[in-house]
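Open the structure in your viewer and keep the selection panel at hand. This tour tells you what to pick next and what you will find there.

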Amino acid sequence: MTDEFTTEIHYEEDVDESHLANSTVAVLGYGSQGHAHALNLHESGVDVIVGLRENSSSREPARAEGLEVATAAEAAKQADIVSVLVPDTVQPAVYEEIEPHLEEGDTLQFAHGFNIHYNQIRPPEHVDVTMIAPKSPGHLVRRNYERGEGTPGLLAVYQDTTGDAKERALAYAKGIGCARAGVVETTFREETETDLFGEQAVLCGGIAELIKVGYETLVDAGYSEEMAYFECMNEMKLIVDLMYEGGLGAMWDSVSDTAEYGGLTRGDEIIDDNVRANMDEVLEQVQNGEFATEWVAENQANRPVYTQLNQAEKDHEIEEVGERLRALFAWEGEGEDEDEKTRVQAD
Ligand SMILES: NC(=O)C1=CN([C@@H]2O[C@H](COP(=O)(O)OP(=O)(O)OC[C@H]3O[C@@H](n4cnc5c(N)ncnc54)[C@H](OP(=O)(O)O)[C@@H]3O)[C@@H](O)[C@H]2O)C=CC1
Ligand SMILES: CC[C@](O)(C(C)=O)C(=O)O
Ligand SMILES: [Mg+2]
Ligand SMILES: [Mg+2]
């Protein structure tokens, strides 16, 4: 390990927002990332137009926030920077609509590299292709911005025809609030592969399985559902908050010595060499394109596996137990703003 990081990190003071002056940004999609980018850019003084399909249910919420709305094609026609923030699986189809409107010197921008890295979208040579990928769910990108705080983000340049691609992307990152926290330089390949691995093995897939298996182990052994829920699901957030604030050290410092000894001696019995081998396998499928090919085919077949697994997850007992328990306790939504509370309850 060296004292120096190998990546470059950019902050607000390094960014010249004049690279966005006189530019119009088309934000395609108004979902998790789309609403955050569109609103943050708008409030940062950038000219924004939101691109949505004619019958989109997102049209009204976007208009209600004072944003201009058009179809994706019309928005792209008017824009100098087109930020593609519809789901990864629909981006290739939406791209077909906007491609005729990408003029010399325009920027095609992403928040995740899947479609560029796995060649699902092949942009023309006359545009810049960049990425600003907030390392956070979109609703927190928005919430942090509103609080005057930032969300760390990644910057990558895939194609620089204007010679200004990086500076423009940084100005965009400043507009959505990422440069307040720091923008780390990377590549499309590195962002795509680490993001997919992270969400599959650790952040979403790994942790959800760990929670469910822990819960099932306790319930199968005769303990109550409430105890199992609190121990394996609810307290997870409190433990992760400590890691977020001060790393593993802050967590180990805060828990009891008994927890620390038990965790340090038993943790690697749970996450053992088999799990390491499984992680290597998952990473390999990301790197060799096997996962990407599978996900594209799954969508072409109308998502049979996704639909079944999505339903099974909703039907898991822990979800029903959690819903009942959360309704009984006053801490639900505490400290969150009203919008966020409403959103979480509606989801
Ligand atoms: N979710 C996140 O926090 C993160 C996402 N990313 C990346 O950001 C990008 C956007 O992801 P995310 O924000 O999750 O996307 P969402 O699923 O939240 O996008 C929903 C938006 O896309 C529109 N949309 C959905 N389907 C279509 C379609 N067929 N045609 C046109 N518009 C459509 C929806 O409008 P409608 O009302 O018409 O359905 C809605 O406005 C992805 O590349 C993702 O990998 C990166 C970091 C984190
Ligand atoms: C962890 C999931 C994520 O990669 C994200 C919020 O960063 C995503 O694709 O949604
Ligand atoms: Mg991610
Ligand atoms: Mg992701």
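The stops below go from the ligand to two annotated residues.

Keep in mind that this is a predicted model.

**Stop 1: the ligand.** Select ligand 1 and show what surrounds it. The shell holds 23 residues. Which of them come nearest? Pick Gly29, Gly31, Gln33, Ser56 and His112.

**Stop 2: the make-up of the shell.** Now colour the shell around ligand 1 by residue type. Eleven of its residues are nonpolar, ten are polar and two are charged.

**Stop 3: the elements behind the shell.** Select helix H1, residues 32-43, and then strand S7, residues 128-134. Each supplies at least two residues of the shell around ligand 1. The largest share comes from H1, with three residues.

**Stop 4: helix H9.** Move on to residues 188-203, which form helix H9. Asp195 lies in this helix, and Glu199 has its place there too. The unreviewed UniProt entry lists both Asp195 and Glu199 under "binding site".

**Stop 5: Asp195.** Centre on this residue. Is Asp195 buried or exposed? Neither label fits: Asp195 is partly exposed, because 19 other C-beta atoms lie within 10 Å and a buried residue needs 20 or more.

**Stop 6: Glu199.** Stay in H9 and select Glu199. Glu199 counts as exposed because it has 12 other C-beta atoms within 10 Å, and the limit for exposed is 12 or fewer. Which residues does Glu199 touch, leaving aside those up to four places away in sequence? Add Cys204 and Gly205 to the selection: Glu199 touches both.

Note on methods
Residues numbered from 1 in each chain as written. Chains lettered and ligands numbered in written order. Predicted model: local features only at pLDDT ≥ 70, side-chain atom pairs only at ≥ 80, totals over all residues. UniProt positions renumbered as here; feature names shortened; annotations may be inferred. Helix = DSSP H or I, 4+ residues; strand = E, 2+ residues; numbered from the N terminus. Contact = placed C-beta atoms within 7 Å. Near = placed C-beta within 6 Å. Nonpolar A, V, L, I, M, F, W, Y, C, P; charged D, E, K, R; others polar.
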